[in-house]
Amino acid sequence: QSEPVHFYQIWILPRAQGGEPRYAQRAFPDTERSGKLRCLASPDGRDGSLTIHTDASLYGALLGKGESLVHGLLDGRNAWVQVARGRVDVNGTELAAGDGVALSDEPGIALTGVDAAELLLFDLP
């Protein structure tokens, strides 16, 4: 009641219809996301990520001002980048908190913190 809440509800279509609905949550410490893309959810639960029943991977990152990362995309893959806090340059386009951008036909995604920032990156079919 005394603290503001910043909440994203994300829906990703499952690989097949008719599966049992699931809910999961896990805290990922800042140290696991600081200056790097941390896999948060994936089809195979790799690296301790949450398991989802679709061909998508979700990453989270915390970037300092001027800090950069690159995420390569395989042929035929797409991405969505959502900025939760701060400002981020995504392949030459500056985004602010609340902004998102879809990327297709890109070999990779270059992310640079314009300010200290938090972002989500979805690697999608």
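Is Asn-91 best described as buried, exposed or partly exposed, and what is its relative accessible area? In this predicted model, Asn-91 has a relative accessible area of 30% and is therefore classed as partly exposed. The residue is found in the loop between β6 and β7, the latter strand spanning residues 93-96, and its phi is positive, at about 50°, although Asn-91 is not a glycine. Most residues other than glycine have a negative phi. A positive value is also seen at Asp-105, another residue that is not glycine, where phi is near 55°. Asp-105 is placed in the loop between β8 (100-103) and β9, and it counts as exposed because its relative accessible area is 78%.

Asp-105 is also part of the surroundings of Asn-78, a residue of strand β5, which covers residues 78-85. The two residues are separated by 27 residues in sequence, while their C-alpha atoms are 7.1 Å apart in space. When neighbours within four places in sequence are left aside, the contacts of Asn-78 comprise Leu-73, Leu-103, Ser-104 and Asp-105, together with Phe-122, Asp-123, Leu-124 and Pro-125. The side chain of Asn-78 reaches the backbone oxygen of Pro-125 at a distance of 2.8 Å. With a relative accessibility of 22%, Asn-78 counts as partly exposed, because the buried class is reserved for values under 20%.

The interior was then examined. In soluble globular proteins, nonpolar side chains tend to be buried together. The largest nonpolar core of the model has 18 residues, and those with the most contacts inside it are Val-81, Val-88, Val-90, Ile-109, Leu-111, Leu-119 and Leu-121. At least two residues of this core are supplied by each of the strands β3 (57-63), β5, β6 (87-90), β9 (108-113) and β10 (117-124). A second, separate core consists of six residues, among them Phe-28, Leu-40, Leu-58 and Phe-122. Leu-119, in the largest core, touches Leu-37, Tyr-59, Gly-60, Ala-61, Leu-63, Gln-82, Val-83, Ala-84, Val-88 and Leu-111, if residues up to four places away in sequence are not counted.

Nonpolar side chains also occur at the surface, where Tyr-8, Ile-10 and Ile-12 make a nonpolar patch of about 230 Å². Ile-10 is found in the segment that precedes α1, a helix of residues 30-33. Its relative accessibility is 37%, so Ile-10 counts as partly exposed.

Technical notes:
Residues numbered from 1 in each chain as written. Predicted model: local features only at pLDDT ≥ 70, side-chain atom pairs only at ≥ 80, totals over all residues. Heavy atoms only, no water. Patch = residues over 30% accessible without salt bridge, like charges linked within 9 Å, V, L, I, M, F, W, Y side chains within 5 Å. Areas by Shrake-Rupley, 256 points an atom, 1.4 Å probe, with all protein chains shown as cover. Salt bridge = Lys/Arg side-chain N within 4 Å of Asp/Glu carboxyl O. Helix = DSSP H or I, 4+ residues; strand = E, 2+ residues; numbered from the N terminus. Buried < 20%, exposed > 50% of the residue type's maximum accessible area, 1.4 Å probe, protein only. Contact = heavy atoms within 4.5 Å. Polar contact = N/O pair within 3.5 Å; in protein donor to acceptor, adjacent residues only side chain to side chain. Core = buried A, V, L, I, M, F, W, Y, C linked by side-chain atoms within 4.5 Å.
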